[in-house]
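User: I would like to go through this model step by step, with the reasoning spelled out for each answer. Could we begin with what surrounds the ligand and then turn to the charged and aromatic pairs?

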Amino acid sequence: MRVVILGPPGAGKGTQAELLSKELGVPKLSMGDILRKAVKEKTPLGEEAQRYMKEGKLVPDELILKLLEEKIEKVAEDAGFVLDGFPRNLRQAQILNNFLESRGKNLDWAIYLKVGEEEIVNRLRHRLICSKCGKVYRKDEIKQDRICEECGSQLAKRKDDDPHTIKERIKVYFEHTFPLVKYYQKKGILKEVEGEGKEEEVYERIRKALNLSQPLT
Ligand code: AP5
C-alpha cells in the first residue's frame with residue numbers, strides 16, 4: 001500500500017506514519033527527518049535547507065527533490081511506502097504522481113490528520129526529540145533525566161518549535177499544503193481522520209479508514 005500522510009505541524013504525522021509503516025511492513029520516508037539529518041551532517045544541501053527550516057518556510061522544491069532522489073527511487077521499488085512531509089505543495093504532489101505513473105504505480109491513499117490550532121501549539125510546545133536518533137517524545141511521558149530510551153542520548157526541543165516559528169509553519173501550511181486536501185479529494189483517495197485524542201485512538205481511526213481488518217495487538 002502506498003500512503004501519504006498530510007496534516008498541519010504537530011498533527012502527529014510522524015507518530016502515525018511510524019505505526020502504519022510497521023503494521024504494513026513498508027518503509028516510512030519522513031522528509032523532515034531527511035532534512036534534519038542533512039542539517040546535522042552539515043552537507044551543502046543541509047546547510048542551504050537550514051536557512052528555510054529555521055524560519056518555518058518550505059525548503060525550495062529543487063532542493064527537496066535532490067534530497068529525495070535516491071530514496072524515493074528505492075522505496076518506489078518496494079511493495080509500498082508511507083510518506084510523511086512529502087508532498088507539501090501542489091507541485092510536489094504532481095511530481096510524485098508523475099513519478100509513480102511513469103513506473104506503472106499509483107498512490108492508494110492520502111490520510112489527512114485533522115487537528116485544531118490550539119492542540120497543535122500545545123503539542124509542539126511539549127515535544128522533545130532525541131538529539132541523536134530523532135525519536136519523538138511528549139514532555140509528559142518522559143522521566144526527569146531527559147534521556148532517550150532508545151539510544152541514551154540527550155533530549156532537546158526541536159529548533160523550529162519556538163512560538164514564532166510555529167506560527168509561521170502554521171501559516172505556510174495553510175498557504176501551501178492545505179490545498180492538497182482538495183487535490184486528493186478530487187482524485188478520490190482522501191481519507192480524513194480526526195487527529196485529536198490519544199495516539200492509539202487516532203491510529204485505530206486510520207486503520208478503520210484504510211480497512212485494515214485485524215485488530216491492533
Ligand atoms: P516536518 O518535520 O515534516 O515538520 P511538520 O510538518 O511541521 O510536522 P512535525 O514534525 O512538527 O509534526 P508531526 O505532524 O510529524 O507530529 P509528531 O508526530 O512529531 O518538517 C520540518 C520542516 O522541514 C518544515 O517546516 C519545512 O521547512 C521542511 N520541509 C519538510 N518537508 C518539506 C517538503 N516536502 N518541502 C519543503 N520543505 C519541507 O507529533 C508532535 C508532538 O505531538 C510529539 O511530541 C508527539 O509525541 C505528540 N503527539 C502525537 N500524536 C499525539 C496525540 N494523538 N495526542 C497528544 N500528543 C501527540
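User: Which helices and strands each supply at least two residues of the shell around the ligand, and which gives the most?

Analyst: This is a predicted model, and in it the elements that each supply at least two residues of the shell are α1 (13-24), α2 (31-40), α6 (117-125), β6 (136-138) and α9 (199-209). Among the contributors to the shell around the ligand, the one that gives the most does so with four residues, and that element is α2.

User: How do the residues of the shell around the ligand divide into nonpolar, polar and charged?

Analyst: There are 34 residues around the ligand, and Thr15, Lys57, Arg88, Arg169 and Gly197 come nearest. Sorted by residue type, the shell divides into 14 nonpolar, eight polar and 12 charged.

User: At what distance does a polar side-chain atom of Thr15 lie from an oxygen atom of the ligand?

Analyst: Oxygen atoms of the ligand have polar partners in the protein, including a polar backbone atom of Gly10 at 2.9 Å and an N or O atom in the side chain of Lys13, also at 2.9 Å. For Thr15, the partner is a polar side-chain atom, and its distance from an oxygen atom of the ligand is 2.5 Å.

User: How much of the accessible area that the ligand has on its own does the protein cover?

Analyst: The ligand on its own has 1,000 Å² of accessible area, and the part of this that the protein covers is 95%.

User: How far apart in sequence are the parts that the pair of Arg91 and Asp61 ties together?

Analyst: Arg91 forms a salt bridge with Asp61, with 3.2 Å between the closest N and O atoms. Because Arg91 lies in helix α5 (residues 90-101) and Asp61 in helix α4 (residues 61-77), the pair ties together parts whose separation in sequence is 30 residues.

User: Is Asp61 buried or exposed?

Analyst: Its partner Arg91 has a relative accessibility of 39% and counts as partly exposed. Asp61 has a relative accessible area of 11%, and since buried means under 20%, the term for Asp61 is buried.

User: Which strands hold Glu192 and Lys114?

Analyst: Glu192 and Lys114 form a salt bridge in which the closest N and O atoms are 3.5 Å apart. The pair ties together parts that are 78 residues apart in sequence, because Lys114 lies in strand β4 (residues 109-114) and Glu192 in strand β8 (residues 190-194). Both residues are partly exposed, Glu192 with a relative accessible area of 46% and Lys114 with 38%. The strands asked for are therefore β8 for Glu192 and β4 for Lys114.

User: Which helix holds both Glu168 and Lys171?

Analyst: Glu168 and Lys171 form a salt bridge, with the closest N and O atoms 3.9 Å apart. Glu168 counts as buried at 15% relative accessibility, whereas Lys171 is partly exposed at 47%. Being three residues apart, they are separated by about one helical turn, and the helix is α7 (residues 163-177).

User: How many salt bridges does the structure hold?

Analyst: Some of the charged residues join in a network of salt bridges, which links Glu18, Lys22, Lys28, Asp33 and Arg36. For the structure, the number of salt bridges is 21.

User: What kind of aromatic pair do Tyr173 and Phe174 form?

Analyst: The structure holds five aromatic pairs, and ring pairs link Tyr112, Tyr173, Phe174 and Phe178 into a cluster. Tyr173 counts as buried at 5% relative accessibility, while Phe174 is partly exposed at 45%. Their rings are 5.0 Å apart centre to centre, with 75° between the planes, and the pair is edge-to-face.

Terms used: Residues are numbered from 1 along each chain as its sequence is written. This is a predicted model: local features need pLDDT of at least 70, side-chain atom pairs count only at pLDDT 80 or more; totals for chains, interfaces and linings use all residues. Side-chain values use heavy atoms; hydrogens and water are left out. A salt bridge is a side-chain nitrogen of Lys or Arg within 4 Å of a carboxyl oxygen of Asp or Glu. Buried means under 20% relative accessible area, exposed over 50%, partly exposed in between (1.4 Å probe, protein chains only). A residue is near a molecule or strand if one of its heavy atoms lies within 4 Å of it. A polar contact is a pair of N or O atoms within 3.5 Å; within protein, one must be able to donate a hydrogen and the other to accept it, and residues adjacent in sequence count only if both atoms are side-chain atoms. Accessible areas come from the Shrake-Rupley method with a 1.4 Å probe; for residues, only the protein chains shown count as cover. Ala, Val, Leu, Ile, Met, Phe, Trp, Tyr, Cys and Pro count as nonpolar, Asp, Glu, Lys and Arg as charged, and the others, Gly among them, as polar. Rings of Phe, Tyr and Trp (its six-membered ring) pair if their centres lie within 6.5 Å; planes under 30 degrees apart count as stacked, over 60 as edge-to-face and the rest as tilted.
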